[in-house]
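Hi everyone, and thanks for coming. Please have the sequence and the model open, and turn it around as I talk.

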Amino acid sequence: MVVGGALDRWGWLLTAGERAVLERVRGLEGAALELYARLTMRAGAGFRLSRLPYAMDTAAAVQELDAAGLVLRQVPEAWVIGCFTVEELRDICEQHARDRGGGRRAGREELERRLKGLRWLAEPVVWARHRGLIRRAERLFFQRGWVDRSMLLLQRTGRLAFAEYALTGGAGRFLDRRALLLDERSAAGEWAPGEARAAALAGPPPGPDGQWGSGRRCWERAVEAALAEAKAEEGSAAGRAGSGADRGLLAGLVRAGAPLLPELARAHEQAGDLEAAWALVRAGTARGADTATLSGAQRIALERIGRRIGKRLGRGLAPAPAPVITERRLQLRAGARVQGRPGWEVGGRSRAVEEAVVAWLAEAGVAAWHVEGRLWTALFALCLRDLYWLPVPGALPAPLLTGPLDLGTPAFYAARRAEVDARLAAIRAGGQEGSLAGLVAGWQGELLAGLNLAGPVARVLSAAGRLPGGLVAAVLGRLAREGWGAAAGLPDLLVLSAGERLPGLLPGRLPDRAFLAEIKGPGDTLQDNQQAWLERLGADGEPAEVWRVHG
């Protein structure tokens, strides 16, 4: 299935030699096909035939594979010495009188040194060829770098199901062979000197691949590699912040479209160039500024840098309207540390602060879960699953996807804006079309990217009917517009309240509907991404709270 699909749909990305090899694989039948599949899916490339206890004529299958050029039967000893255990190597050394000097205590490295140059291999072995090409065929067929092959077995036994959808035209992740090779090399971190910096400054590729796909991923890897390289060259704890060359790199990345304005402003500030830093802050915070790529957390970071620089320059920023964020104080008894974190004793056990608050609320009869981002990507998948499969060009170029290639990026929303906005409006309004309980119950069990039912997620989804549509629409809307990376910083706890008044909590009366709360222990401060979520929820009219736990 994989080899034939890769040849038929993506053969133009392969060389003539690669196509010839895959055609030979496609021509295999019976035991030879089964054995080659097993050999290419097992760890390592060398195998002792005595350790291949399959229900087949292994010797005949190896002979057929050898005739097709898919295995080697004459294998150098140095290639397969790793197939033998240390104890077996000791036995071989004894048989060849190479055990003098405490051979039974020698380690692998010493045993391999003793066997070097000695014809010691006395049993047949086989070496599987073209394993890398099979991996490339998998990447082409599945259009992702890794796939759990057990999913296919479970699908065939009826335990898992992939969604049915129509394939769309377009190049998919790889525009040409160069993009395929660059994706493979960049994923492995194999950059030539200066290549990562040049690729980073070139910016993301144009067209759809500039928004998602292998080109975008390669560029993001290049940015990370270039910044890491600059930091290593700097050779100081300050890293890239104080270097003029690094400031040039950051400036180039900003021009290329990377949302690095805060880092560039901070670099100018640390270098003493306050005017340049101030200009960047003003560019990123001015109303109507062309900074659509900035996340809420990056805007908050820019504003903080601006306040600091403005104080030194005697200037000020126009205050941004800030929604009211409710803060509460909760007194708990300090307990033993839990995995290196301060513990809080509730119900006779010492717990981390989030779990302690959940347990305290449970004792008060209020349901709450520590969910963070996983619940919301699951709700994203369940509420928008039919929009996954809209015929967006290039987004569905291969079968057996669990979501379109642009899923989790701003391009998903850009290509489906009207449909996503309509669905979020229906969820916000409630009713039959936007019923969360109905959307969750309508799932037919197909695999969906983002849907992970581990932990408390399944229990929360069973109570989906109690979740306010406005809260769900606010969270899913930001994840759609900014991508799933924005899930970082989501408040810790989902609290299903009904206006209860709780003694020991100040203020003590909870909202009369479910809400999200960020839990902080003594000395903990809000991170920028957490502050961004609280402000976003407050701006959408949803309760946004910070609970500060103290002893």
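I'll walk through confidence, cores, strands, salt bridges and cysteines.

One thing to keep in mind is that this is a predicted model. The mean pLDDT of the protein is 87, with 95% of its residues at 70 or more. Where is confidence highest, and where is it lowest? Helix α2, residues 16-26, has the highest mean at 97, while helix α13, residues 244-256, has the lowest at 78. Please also look at residues 236-242, where pLDDT stays under 50. Over that stretch the model has 11 contacts beyond four places in sequence.

Now let's go inside. As a general point, nonpolar side chains in soluble globular proteins tend to be buried together. Here, the largest nonpolar core holds 59 residues. The members that touch the most others are Leu-375, Trp-376, Leu-379, Phe-380, Val-475, Leu-479 and Leu-494. Which helix gives the most to this core? That is helix α18, residues 373-388, with 11 residues.

Try centring your view on Trp-376. Leaving out residues up to four places away in sequence, Trp-376 touches Val-371, Leu-471, Val-472, Val-475, Leu-476, Leu-479, Leu-490 and Leu-516. Apart from this core there is another one, made of 41 residues, including Ala-6, Leu-13, Val-25 and Ala-128.

On to the strands. Strand β3, residues 125-128, pairs with two others that I'd like to show you. Strand β1, residues 46-48, runs antiparallel to β3 and is joined to it by 3 bridges. Strand β2, residues 71-72, is antiparallel to β3 as well, with 2 bridges. Find Trp-127 in β3: Gly-46 stands opposite Trp-127, and Trp-127 is also the bridge partner of Leu-72.

Elsewhere there is an open sheet of 6 strands, with mixed pairing. Reading across, the order is β8-β9-β11-β12-β4-β10. The edges are β8, residues 367-370, and β10, residues 505-506; each has a single partner strand, so one side of each has no neighbour in the sheet. For β10, that pairing is with strand β4, residues 326-331, in the antiparallel sense over 2 bridges. One residue pair to click on there is Leu-330 with its bridge partner in β10, Leu-505.

Next, charges. How many salt bridges does a search of the whole structure find? The search finds 35. My first example is Glu-184 with Arg-136, whose closest N and O atoms are 2.6 Å apart. Glu-184 is in helix α10, residues 177-187, and Arg-136 is in helix α8, residues 131-142, so this pair ties together parts that are 48 residues apart in sequence. Are these two buried or exposed? Both Glu-184 and Arg-136 are buried.

Glu-184 also meets Arg-139 in a salt bridge, at 2.8 Å from N to O. This pair again links helix α8, which holds Arg-139, to helix α10, which holds Glu-184, across 45 residues. Glu-184 counts as buried because its relative accessibility is 17%, and the cut-off for buried is under 20%. Zooming out a little, Glu-18, Arg-136, Arg-139, Arg-177 and Glu-184 are linked in a network of salt bridges.

Another salt bridge to look at is Arg-333 with Glu-345, at 3.9 Å from N to O. Arg-333 is in strand β5, residues 333-338, and Glu-345 is in strand β6, residues 341-346, 12 residues apart. Arg-333 is exposed, with a relative accessible area of 59%. Glu-345, at 35% relative accessibility, counts as partly exposed.

Last stop: the cysteines. The whole structure has 0 disulfides. Why does Cys-93 have no bond to Cys-83? Cys-83 holds the closest cysteine sulfur to that of Cys-93, but at 16 Å it is too far for a bond. Cys-93 is buried, with a relative accessible area of 1%, and Cys-383 counts as buried at 0%.

Cys-93 sits among the buried residues of helix α6, residues 86-95, along with Glu-88, Leu-89, Arg-90 and Ile-92. What covers these buried residues includes β1 and α7, residues 108-115. That takes us back to β1, the strand joined to β3 by 3 bridges.

Thanks for listening, and I'm happy to go back to any of these views.

Key: Residues numbered from 1 in each chain as written. Predicted model: local features only at pLDDT ≥ 70, side-chain atom pairs only at ≥ 80, totals over all residues. Heavy atoms only, no water. pLDDT = per-residue confidence, 0-100. Helix = DSSP H or I, 4+ residues; strand = E, 2+ residues; numbered from the N terminus. Contact = heavy atoms within 4.5 Å. Core = buried A, V, L, I, M, F, W, Y, C linked by side-chain atoms within 4.5 Å. Buried < 20%, exposed > 50% of the residue type's maximum accessible area, 1.4 Å probe, protein only. Pairing = 2+ DSSP bridges. Salt bridge = Lys/Arg side-chain N within 4 Å of Asp/Glu carboxyl O. Disulfide = S-S within 2.5 Å.
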